[in-house]
Every structure is written in C-alpha cells, then in structure tokens.
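The following exercises concern pairs of charged side chains. Please study the sequence and the structure before working through each solution.

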Amino acid sequence: MRTPTPSPLAIRLRRVLYERRCPERRSRRTSPARTPPEEEREHAEAAGLTYLHHPVDGEKLSEEVVDSFRDKVADLPGPVLVHCASGKRSGAMVMMHLGAEQGMSGDEVIEKAASMGFECDTPGLERFVRGYVDRHNGR
C-alpha cells in the first residue's frame, strides 16, 4: 500500500517539529522559511481543516489578545493545532487557555507546561502567563 504524498503544510510542520527537537539545525539557518497565512489557509482547507490566523505580537501581548484567542478557539472544531515560529507564543496561549478552562493556578500551569517540555525561558512571558491564569481561572 502506497503512502500518500504529504502536503507542503505537513512537510513544513514536520520540519518545524524536527528543528524544535534539534536546536543545532536551527542555529545553522540564517532565517526560517515562513509560509504566508494565505498559503497555510489554502493547504489547511484543501486537507479539510478549518483555518484561523490569529497573529500574536509577543511585545504587545495583552489580556484582550488572549481573551480573543480563547473565544475563537472555543468556536473551532477540535482537535486544534496552534503554532508560531518559536513555539513560545503558541505554547503560552494554549497553556493560558487550558489553565483558565481547567481552573488551574498560574503556578500549576507553569509546572504543567514544563512537564510537557515547554520552556518558558522569558521571565516577562512567564509572569504574564502566571498572572493571566490566576485572574481567569474562576477562583
């Protein structure tokens, strides 16, 4: 039985996941190849997936941006794939969403993220995640 040829989006996702696991490959690249959102949408929709482009500027992260992300994700059919160039913004957004939905504390979210391999090595981002979850977890 012949395996279907992976789509360009699947190939890119595999490359991104591989490079996250192999930082030495990432350091050899001068600039990451980025697929424009319009092209990602085409590939996702061709694969029968719902596509949502929700840009997040790490320098301008706010509660409103996270709330908007959470509202949009709640309306999507699952499962949901969230990604960004480094994995920090997407990981933080997902952990804030899950932490708030599951009634976790900010500390619990940071511990859970670390246990899953997510390194929140940016102190400002870690403080933001912790604070957001503590304010939105229903406690």
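A salt bridge is a side-chain nitrogen of Lys or Arg within 4 Å of a carboxyl oxygen of Asp or Glu. The model is predicted, and by this rule it holds six salt bridges.

**Exercise 1.** Determine what joins Lys-88 and Asp-121, and where the two residues lie.

*Solution.* Step 1: the N to O distance between the two side chains is 2.7 Å, and Lys-88 and Asp-121 meet in a salt bridge. Step 2: Lys-88 belongs to helix H5, whereas Asp-121 is in the loop between helix H6 (106–115) and helix H7 (123–136), so the pair ties together parts that are 33 residues apart in sequence. Step 3: Lys-88 is partly exposed at 28% relative accessibility, and Asp-121 is partly exposed at 49%.

**Exercise 2.** For the salt bridge of Arg-70 with Glu-101, decide whether each partner is buried or exposed.

*Solution.* Step 1: the closest N and O atoms of Arg-70 and Glu-101 are 2.8 Å apart. Step 2: this pair links distant parts of the chain, with Arg-70 in helix H4 (residues 63–74) and Glu-101 in helix H5 (residues 88–101). Step 3: buried means under 20% relative accessible area and exposed over 50%. Arg-70, at 13%, is therefore buried, while Glu-101, at 52%, is exposed.

**Exercise 3.** Establish which residues form one network with Glu-126.

*Solution.* Step 1: Glu-126 forms a salt bridge with Arg-130, the closest N and O atoms being 2.3 Å apart. Step 2: both residues lie in helix H7, four residues apart, about one turn of the helix. Step 3: through salt bridges that share partners, Asp-107, Glu-126 and Arg-130 are joined into one network.

Definitions and conventions:
Residues numbered from 1 in each chain as written. Predicted model: local features only at pLDDT ≥ 70, side-chain atom pairs only at ≥ 80, totals over all residues. Heavy atoms only, no water. Buried < 20%, exposed > 50% of the residue type's maximum accessible area, 1.4 Å probe, protein only.
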